[in-house]
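Me: I would like to learn how to read the features of a protein structure, one at a time. Could we work through an example together?

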Amino acid sequence: MIPQAFDYTAPKSLDEALGLLAKGAKPLAGGMSLIPMMKLRLAAPDHLVDLRRLKDLNYIREQGAAVHIGATATHYDVENSAVVRGKCPLLAETAAHIGDVQVRNMGTIGGSIAHNDPSADYPAALQALEAKVVLKGAKSERTVSVADFFVDTFTTALEPGEIIREVIVPVEDSGTGTSYQKVAQPASGFAIVGIAVRVRKSGGKIGMARIGVTGLANRSYRAAAAEKALEGKAGSATEIQNAASLVAERVDVNSDLHASADYRRHLAVVYAARALMAALARSA
Amino acid sequence: MNITTHINGKSYSHDVEPRLLLIHYLREVVGLTGPHIGCETSLCGACTVELNGKAVKSCTMFAVQADGANVVTIEGLASNGKLHAMQEAFWNEHGAQCGFCTPGMIMASKQIIDRNPNPTEEEIRHGLEGNICRCTGYQHIVNAVKAAAKAAGV
């Protein structure tokens, strides 16, 4: 499995990289999705620009009420960062589910979400976190919400010549409980269904519930009907079950050789209930 | 493109095509056939090597990405005729059956202990998720990692 020939540049600066990308080169980060596609000749870029060596894309830092994660922070970095574990535990928990240790050592958050596989893990958490993505071009920089960023299967809001600069997630309020529950396809590790949940109670009632879903449809989404059903509830087993049953409502569910649409829908309800219970147990 | 890599403590410089995969560079250019080509689709882990201290699948990486990097293959673990503690543990605990997955298994196992000297069984299994043994000899492999951790703790 030899990819088609290509030119390779490891630029010294972000500006140099953006200049090359503006001319049509393809960015390479960890390569955990792109290189397998190139080996299968599903992708055949003429020119790869290696972003992995750019120091100014590789960081994780707390800034105000948010955690800023540079595009080339690896899944291992996110999984083990004291900042992410402490301030945004849902994202660290989710990162630990991606692929395997070798993949997490190389794969990056920017590369993963730019690829936008509909079964990837991060989108579930980023939807639940209402995260933002900063997109940088040679002459532009803009910030978009993940709801707008994840457009469709393998399709994002990135324009030609743009790269992801960073992902911004909110610092979690103390007392918020979070959980990511996933049914992994055993060979690839991709999510057949992945549910990320954040819940916060006040005065014994659920004041905030966010549910991000991956693996189910052509793109990740927030299960708004299920979230709404939880508001003001104490979180009894019946209430959780009722909310979970809405997680795939009005969703066109994927069907493939790993799971039929009906089975996926069933799994989504079961795993939404599990994620809600785990998150509620962790909430104050 | 000319690349310089430091492999098992020795420096190598070669002119390579950008599309040359690291596993092919190691096996066919440098002559280190310890890392194996199993699935070639980054699932089996037989090609696992260490790149700047991190276990990676060398079938899913271009040699040019390793320019300037420190690479350790299974050949680099033993020193002065003495096996690395993880190799010793695999031997003592019968962690190898046919042996095809063994180089990758040992590199991934080394990463587990390097990062967490006293892993639980669950943590060991989590750390080996990227490596497949078609003989299904996982129990002895897990035992080997436990034994290596225990030996290091003595």
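Reply: Let us begin with charged side chains, keeping in mind that this is a predicted model. A:Glu130, A:Arg210, A:Arg222 and A:Glu227 are linked to one another in a network of salt bridges.

Me: How many salt bridges does the structure hold over all chains?

Reply: There are 19 of them over all chains. In chain A, one of these joins the side chains of A:Arg264 and A:Asp256, with a distance of 3.1 Å from N to O.

Me: Is A:Arg264 buried or exposed?

Reply: To decide, we compare the relative accessible area with a cut-off, and a residue counts as buried when the value is under 20%. A:Arg264 is buried because its relative accessibility is 2%, whereas A:Asp256, at 35%, is partly exposed.

Me: How should I read a salt bridge within a helix, and which residue forms one with B:Asp114?

Reply: The general idea is that an α-helix has 3.6 residues a turn, so residues three or four places apart point the same way. In this structure, B:Asp114 forms a salt bridge with B:Lys110, and their closest N and O atoms are 3.0 Å apart. Both residues belong to helix H3 of chain B, where they are 4 residues apart, or about one turn of the helix. B:Asp114 is partly exposed, with a relative accessibility of 47%, while B:Lys110 is buried, with a relative accessible area of 13%.

Me: Which residue forms a salt bridge with B:Glu121, and where do the two partners lie?

Reply: The partner of B:Glu121 is B:Lys146, and the closest N and O atoms of this pair are 2.7 Å apart. B:Glu121 lies in helix H4 (residues 121-127) of chain B and B:Lys146 in helix H5 (residues 138-153) of chain B, so this salt bridge ties together parts that are 25 residues apart in sequence. Both partners are partly exposed, B:Glu121 at 31% relative accessibility and B:Lys146 at 33%.

Me: Now I would like to turn to sheets. What is the order of the strands in the open sheet of chain B?

Reply: In general, strands of a sheet pair through backbone hydrogen bonds, either parallel or antiparallel. The open sheet of chain B has 5 strands in the order E2-E1-E5-E3-E4, and its pairing is mixed. Its edge strands are E2 and strand E4 (54-57) of chain B, each of which pairs on one side only. On average, and ignoring direction, neighbouring strands of this sheet are turned by 35° against each other. To look at one pair in detail, E3(B) and E4(B) run antiparallel and are joined by 4 bridges, with B:Lys57 in E4(B) as the bridge partner of B:Thr48.

Me: Which helix packs on this sheet, touching E3, E4 and E5 of chain B?

Reply: That is helix H3 (residues 102-115) of chain B, whose direction makes about 40° with that of E3(B). For another helix of the chain, H1 (residues 22-30), we can ask what covers its buried residues, which are B:Leu22, B:Ile23, B:His24, B:Tyr25, B:Leu26 and B:Val30. Their cover includes strand E1 (2-7), strand E2 (10-15), strand E3 (48-51) and strand E5 (70-72) of chain B. Just after H1(B), B:Gly31 takes a positive phi of about 90°.

Me: What is the pairing in the open sheet of 3 strands in chain A?

Reply: The pairing there is parallel, and the strand order is E1-E3-E2. The edge strands, each pairing on one side only, are E1 and strand E2 (26-28) of chain A. E2(A) is joined by 3 bridges to strand E3 (residues 47-50) of chain A, and A:Leu28 stands opposite A:Asp50 in E3(A). Helix H1 (residues 14-22) of chain A lies across E1, E2 and E3 of that chain, and runs at about 160° to E3(A).

Me: How many bridges join E11(A) to strand E12 (residues 191-202) of chain A?

Reply: These antiparallel strands are joined by 8 bridges, and A:Val199 in E12(A) is the bridge partner of A:Gly177. Strand E11 (residues 177-184) of chain A is mostly covered, since 6 of its 8 residues are buried. The hairpin of E11(A) and E12(A) has 6 residues between the strands, and in this hairpin A:Gly189 takes a positive phi near 85°.

Note on methods: Residues are numbered from 1 along each chain as its sequence is written. Chains are lettered from A and ligands numbered from 1 in the order in which they are written. This is a predicted model: local features need pLDDT of at least 70, side-chain atom pairs count only at pLDDT 80 or more; totals for chains, interfaces and linings use all residues. Side-chain values use heavy atoms; hydrogens and water are left out. Buried means under 20% relative accessible area, exposed over 50%, partly exposed in between (1.4 Å probe, protein chains only). Helices (H or I, at least four residues) and strands (E, at least two) are DSSP runs, numbered from the N terminus. Contact means heavy atoms within 4.5 Å. Two strands pair if DSSP finds at least two bridges between them. Axes are lines fitted to C-alpha atoms, for helices over the stretch in contact, and angles run from 0 to 180 degrees between N-to-C directions. A salt bridge is a side-chain nitrogen of Lys or Arg within 4 Å of a carboxyl oxygen of Asp or Glu.
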